[in-house]
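Let's take a walk through this fold together, from its central sheet out to the helices and loops around it. Keep the sequence and the viewer open as you read.

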Amino acid sequence: MAAVTVGVLGGAFDPPHLGHRAVAEGGIAHFGLDRLLVRVIAEPGHKAVETPADIRLALAVIAFGDLAEVEVSLDPYGRTVESLEALALDDPVFLIGADEFASFLSWKDPERVLSLARLGVATRPGVEEAAIAEVLAALVLAERVTVYPIPPHAISSTEIREQVAAGEAVDAEVGAVVA
């Protein structure tokens, strides 16, 4: 029986948007993922969230629920390393955007993260290859990082929240059902 390839996509998802969806779809295709655990961080250790966890979880279920490989759940751990340790998966692929990877060295125990999971880094508009190369050069386990292409989505959850606050439509950024 062939080994199951599992991916993990964690985030605040405040709100989930089409860029997050592209990371998921691209990761499933690129790495041949049989399962993708989308983990909505209840209380992120790296940023403040404006929307309660139960609402972000419900929105993530809507945003990713039609992808057969995806399982959406609430992540009680505020840091990636803690979540990966608790999941205790066999060599999963942790998916992140290039913008998040650019700050990877500031994460809690980045080398431990790489010992627990391979990293799948999705391309992102505005993140230069030099920034990715700089992080890779600083890592002992850089061979566990793979950059993969996704269609460009120059959007952020912060911008979407600002559009919503201004009464602007966000269907094009989050999809009609999430909007």
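Contact, in what follows, means heavy atoms within 4.5 Å. Please also keep in mind that this is a predicted model.

Let's begin with a single serine. Ser83 sits in helix H3, which covers residues 80-87. Is Ser83 buried or exposed? With a relative accessible area of 5%, Ser83 is buried, because the cut-off for that label is under 20%. Setting aside its neighbours within four places in sequence, Ser83 is in contact with Arg39, Asp75 and Tyr77. With Arg39 there is also a polar contact of 3.4 Å between the two side chains.

Arg39 leads us to the sheet, since Arg39 is the bridge partner, in strand S2, of Gly10. The sheet is open and has 6 strands, in the order S3-S2-S1-S4-S5-S6, with parallel pairing. Its edge strands are S3 (70-75) and S6 (145-148), each of which pairs on one side only. Going from strand to neighbouring strand, the average turn is 25°, direction ignored.

Now look at strand S1, residues 6-11. Strands S1 and S2 run parallel and are joined by 6 bridges. S1 also pairs in the parallel sense with strand S4 (residues 93-97), here over 2 bridges. On that side, Gly7 has Val93 of S4 as its bridge partner. How many of the 6 residues of S1 are buried? The count is 5, so S1 is largely enclosed by the rest of the structure.

Next comes a helix that lies across the sheet. Helix H1 (residues 18-31) lies across S1, strand S2 (35-41), S3, S4, strand S5 (118-122) and S6, and runs at about 115° to S6. Val23 is a good residue to pick out, as it belongs to H1. Its relative accessibility is 9%, so Val23 counts as buried. What does Val23 touch, not counting residues up to four places away in sequence? The answer is Leu9, Leu95, Ala122, Tyr148 and Ile150. Take Leu95 from that list: in sequence Val23 and Leu95 are 72 residues apart, yet in space their C-alpha atoms are 7.1 Å apart.

Tyr148, another residue touched by Val23, brings us to the aromatic rings. A pair of aromatic rings is described by the distance of the centres and the angle of the planes. In this model the count comes to 5 aromatic pairs. One of them joins Phe31 and Tyr148: the ring centres are 5.4 Å apart and the planes stand at 80°, so the pair is edge-to-face. Phe31 lies in helix H1 and Tyr148 in strand S6, so this pair ties together parts that are 117 residues apart in sequence. Phe31 and Tyr148 are both buried.

Phe94 and Trp107 form another edge-to-face pair, because their planes are at 90°, with the ring centres 6.3 Å apart. Phe94 is in strand S4, while Trp107 is in the loop between helix H4 (98-101) and helix H5 (110-116), so to speak 13 residues further along the chain. Phe94 and Trp107 are both buried. Ring pairs link Phe94 and Trp107 with Phe101 and Phe104 into a cluster.Let's finish past strand S6. Pro149 is found in the loop between S6 and H7. Is Pro149 buried or exposed? Its relative accessible area is 63%, and Pro149 is therefore exposed. From Pro149 to Val178 the distance in sequence is 29 residues, and the distance in space, C-alpha to C-alpha, is 24 Å.

Beyond that loop lies helix H7, residues 157-165, whose buried residues are Ser157, Ile160 and Gln163. Why do these residues line one face of the helix? Seen down the axis of H7, they fall within an arc of 120°, so they share that face. On the other side of H7, Glu162 and Ala165 are exposed. The cover over the buried residues of H7 includes H1 and helix H8 (171-174). Just after H7, Gly167 takes a positive phi of about 80°.

How values were computed. Residues are numbered from 1 along each chain as its sequence is written. This is a predicted model: local features need pLDDT of at least 70, side-chain atom pairs count only at pLDDT 80 or more; totals for chains, interfaces and linings use all residues. Side-chain values use heavy atoms; hydrogens and water are left out. Helices (H or I, at least four residues) and strands (E, at least two) are DSSP runs, numbered from the N terminus. Buried means under 20% relative accessible area, exposed over 50%, partly exposed in between (1.4 Å probe, protein chains only). A polar contact is a pair of N or O atoms within 3.5 Å; within protein, one must be able to donate a hydrogen and the other to accept it, and residues adjacent in sequence count only if both atoms are side-chain atoms. Two strands pair if DSSP finds at least two bridges between them. Axes are lines fitted to C-alpha atoms, for helices over the stretch in contact, and angles run from 0 to 180 degrees between N-to-C directions. The arc is that of the directions from the helix axis to the C-beta atoms. Rings of Phe, Tyr and Trp (its six-membered ring) pair if their centres lie within 6.5 Å; planes under 30 degrees apart count as stacked, over 60 as edge-to-face and the rest as tilted.
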